[in-house]
Amino acid sequence: MAAALTALLTFAVTALTIGLATGVQAAALSSAPRASASASTTGFGCVHPLQAGQARCFGVMKAHRTASGRLSPFTTGSPTTVGYVPSDLRSAYNLGGTSGSGRTVAIVDAMDDAHAESDLAAYRSAYGLPSCTTANGCFRKVNQSGQASPLPSGDYGWAEEISLDLDMVSATCPGCHILLVEANSANVPDLMTAEDTAAATSGVVSVSNSWGGSEDNTITSVDSHFNHPGVAITASSGDSGYGVSWPASSPYVTAVGGTSLSRASNSRGWTETAWSGAGSGCSAYEAKPSWQHDSGCAKRAVADVSAVADPNTGVAVYDTYNSCGGALLCDTELQLGLAQGADGWVEVGGTSVSSPIIASVYALAGNTSQVVDGSYPYSHTSALNDVTSGSNGFCGGSYLCTGGPGYDGPTGLGTPNGTGAF
C-alpha cells in the first residue's frame with residue numbers, strides 16, 4: 001500500500017514538474033505571449049450548467065490536457081513568464097501618463113471569492129503597483145445589497161473571474177479605486193440587484209460586466225438596470241464566436257469585443273486582429289441605438305469597441321482560491337484535474353479581459369458625465385486603433401463577423417489609443 005502511494009505521488013510530482021518546466025521554458029523564450037493554434041484552453045467553470053435566466057462568465061484560461069483527457073489550468077510560480085503584464089497593456093493602448101485619480105471602477109460578478117483581496121495584493125505587489133486594500137480605502141467588497149456581510153457562498157470558477165476583473169482594473173488604471181459587488185447567484189435578478197448597487201455607489205464612474213447569456217424575449221424588460229446616466233457600463237460580447245449575447249446587446253452598455261494582441265515592429269509597437277472567439281452580430285430583440293449607423297443590421301449591433309481577449313495572447317492573473325488548499329500537492333491535483341480553481345499565476349483570455357480594461361479606460365478619461373450609453377466612441381473614432389483583419393465565424397463575409405476598415409462586429413470601432421474615445 002505504501003509503495004503504491006509513493007509511486008502515485010512520484011508520478012504526480014513528475015507530471016507536475018514536466019508541465020511546469022515545459023511551460024516556463026516556453027514562456028522564457030519570448031518577452032510576450034504568442035498566438036498558438038495548438039494551445040489548449042478551458043473555461044473558468046462558472047456555468048454549472050447554464051440554465052434559462054442565468055449568466056456565465058466569459059473567461060478562458062491556458063490549460064494542459066491530463067492523461068484522462070481533461071483540461072486543467074496550467075499554473076506557474078512566476079509573474080514574469082505568463083501573459084501580458086500591466087506595462088504591456090498600458091503600452092499597447094497608449095495609456096502612459098494617465099491616472100484614475102481615485103475614481104472608482106465597479107466590478108459585478110456572482111458568488112464570493114474569499115481570496116479576492118489577498119490575491120489582488122499579490123498581483124499589484126508583483127508589478128510594483130500601489131497597494132489597494134480595504135484598510136487604505138482603495139478596495140471594497142460588498143454583497144448585492146451593498147453590505148459587507150453576509151457574502152454569497154464561494155465558487156471557484158467565479159473566483160477566477162473576479163481575480164481577472166480586479167487584476168485588469170489594476171493593470172489598466174493603477175490609481176483607480178475598486179468596488180467588487182458579489183451577486184448571491186448567477187441568476188439575472190440577483191445580478192440586476194448587484195448592477196444597481198454598483199452604479200448607485202458614490203464615486204463609481206464605470207461598471208464592468210464580464211458575463212452574459214443568450215438573448216431571449218425577456219431581456220428588454222430588464223435593460224433598465226443598465227441605464228445609469230453618468231456611469232459608463234461595459235459588457236463582454238462573449239467567447240463563442242459569431243453570435244450575440246446579452247447584456248452586451250443592451251442599448252445602455254458599451255459592448256466590448258475581443259482581439260488577438262501581438263508585439264510588432266510598427267510605430268505603435270503592437271498589432272491586433274479580431275479574436276476568433278469574440279461574440280458579435282445583430283441582436284434579435286434590441287432596437288438599434290440612434291448612434292449606430294451600420295447598414296447590415298436593423299437592430300442593435302455588437303460590439304462597440306474591443307481590447308485583447310485571445311487566451312493565446314492572454315494576460316497574467318493571480319488566483320489562489322481552490323479546492324485543494326495550496327502548496328505542491330495542490331498544484332499536482334490541479335495539474336491532474338483532481339481539484340478545482342487555481343493556485344498562482346495563470347494566463348487568461350476571453351472577453352472577460354476586455355470589458356474591465358475598457359471600463360478602466362473610461363475611468364482614466366474622467367469623462368463619464370458626458371457619456372451616453374455606448375455612444376461616445378462613435379464620435380471619437382480618431383482615438384481608436386482600427387482593427388482590420390480576422391474573423392470570428394461565418395456570416396456570408398459580412399462585417400458582422402469579419403474584421404475590416406471602420407466598424408466591424410468582432411472589434412467594433414477598434415481598441416483604445418489613449419483615452420480620447422472614452
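How many bridges join β2 to strand β9, and how do the two strands run? Keep that in mind as you look through these close-ups of a predicted model.

**Figure 1. The whole chain sets the scene for the close-ups.** In this predicted model, the protein chain has seven helices and 20 strands. Of its 422 residues, 58% are buried. Now take the contacts in the chain with a separation of 6 or more: 76% of them involve residues 24 or more positions apart.

**Figure 2. Strands β2, β9 and β11 form an open sheet.** Here is the reply to the opening question: two bridges join β2 to β9, a strand covering residues 211-214, and the two run antiparallel. Look for Arg56, whose bridge partner in β9 is Gly212. The order of the three strands is β2-β9-β11, with antiparallel pairing. Strands β2 (56-57) and β11 (245-246) stand at the edges with a single partner strand each, so one side of each has no neighbour in the sheet.

**Figure 3. The largest nonpolar core holds 102 residues.** Leu166, Met168, Val207 and Val315 are the residues with the most contacts inside this core. Helix α7, residues 351-365, gives the most to it, with eight residues. A general tendency is useful to remember here: in soluble globular proteins, nonpolar side chains tend to be buried together.

**Figure 4. Val207 is shown with its contacts from elsewhere in the chain.** Which residues does Val207 touch once its neighbours within four places in sequence are left aside? Try finding Ala106 and Val108, then Glu195, Ala198 and Ala199. Next come Val231, Ala232, Ile233 and Thr234, and Ala359 completes the list.

**Figure 5. Helices α4 and α7 cross at roughly 35°.** The axes of α4 (residues 156-172) and α7 come within 8 Å, and the crossing is right-handed. From α4, the residues in the contact are Glu161, Leu164, Asp165, Met168, Val169 and Thr172. They meet Ser352, Val353, Pro356, Ile357, Ser360, Val361 and Leu364 of α7. By type, the residues of this contact are eight nonpolar, three polar and two charged. You may recognise Met168 from Figure 3, where it was listed among the residues with the most contacts inside the core.

**Figure 6. Helix α6 contains several buried residues.** This helix spans residues 327-335, and its buried residues are Cys330, Asp331, Thr332, Leu334 and Gln335. Just after α6 you can find Gly337, which takes a positive phi of about 75°.

**Figure 7. Two cis peptide bonds appear in loops.** One of them joins Ser149 and Pro150, with omega about -5°. Pro150 sits in the loop between β6 (139-143) and α4, the helix you met in Figure 5. For the other, follow the peptide bond from Val302 to Ala303, which is cis with omega near 15°. Ala303 belongs to the loop between β15 (299-302) and β16 (305-308).

**Figure 8. Ser101 and Met111 have positive phi values without being glycines.** Ser101, with phi near 50°, lies in the loop between α2 (86-92) and β5 (104-110). Met111 has a phi of about 70° and is placed in the loop between β5 and α3 (116-126). Which of these residues is buried, and which is exposed? Ser101 has a relative accessible area of 56%, over the 50% cut-off, so it is exposed. Met111 has a relative accessibility of 13%, under the 20% cut-off, so it counts as buried.

**Figure 9. Ser237 is a buried loop residue.** Find Ser237 in the loop between β10 (232-236) and β11. Its relative accessibility is 1%, under the 20% cut-off, so Ser237 counts as buried. How far apart are the C-alpha atoms of Ser237 and Ala248? They are separated by 5.3 Å, with the two residues eleven apart along the chain. Leaving aside neighbours within four places in sequence, Ser237 has contacts that include Gly243, Ser245, Ala248, Val256 and Gly257. Also among its contacts are Ala278, Gly279, Val302 and Thr351. Val302 is a residue you have seen already, at the cis peptide bond to Ala303 in Figure 7.

How values were computed
Residues numbered from 1 in each chain as written. Predicted model: local features only at pLDDT ≥ 70, side-chain atom pairs only at ≥ 80, totals over all residues. Heavy atoms only, no water. Core = buried A, V, L, I, M, F, W, Y, C linked by side-chain atoms within 4.5 Å. Buried < 20%, exposed > 50% of the residue type's maximum accessible area, 1.4 Å probe, protein only. Helix = DSSP H or I, 4+ residues; strand = E, 2+ residues; numbered from the N terminus. Contact = heavy atoms within 4.5 Å. Pairing = 2+ DSSP bridges. Axes fitted to C-alpha atoms, helices over the stretch in contact; angles between N-to-C directions. Left-handed = near helix turned anticlockwise from the far one by under 90°. Nonpolar A, V, L, I, M, F, W, Y, C, P; charged D, E, K, R; others polar.
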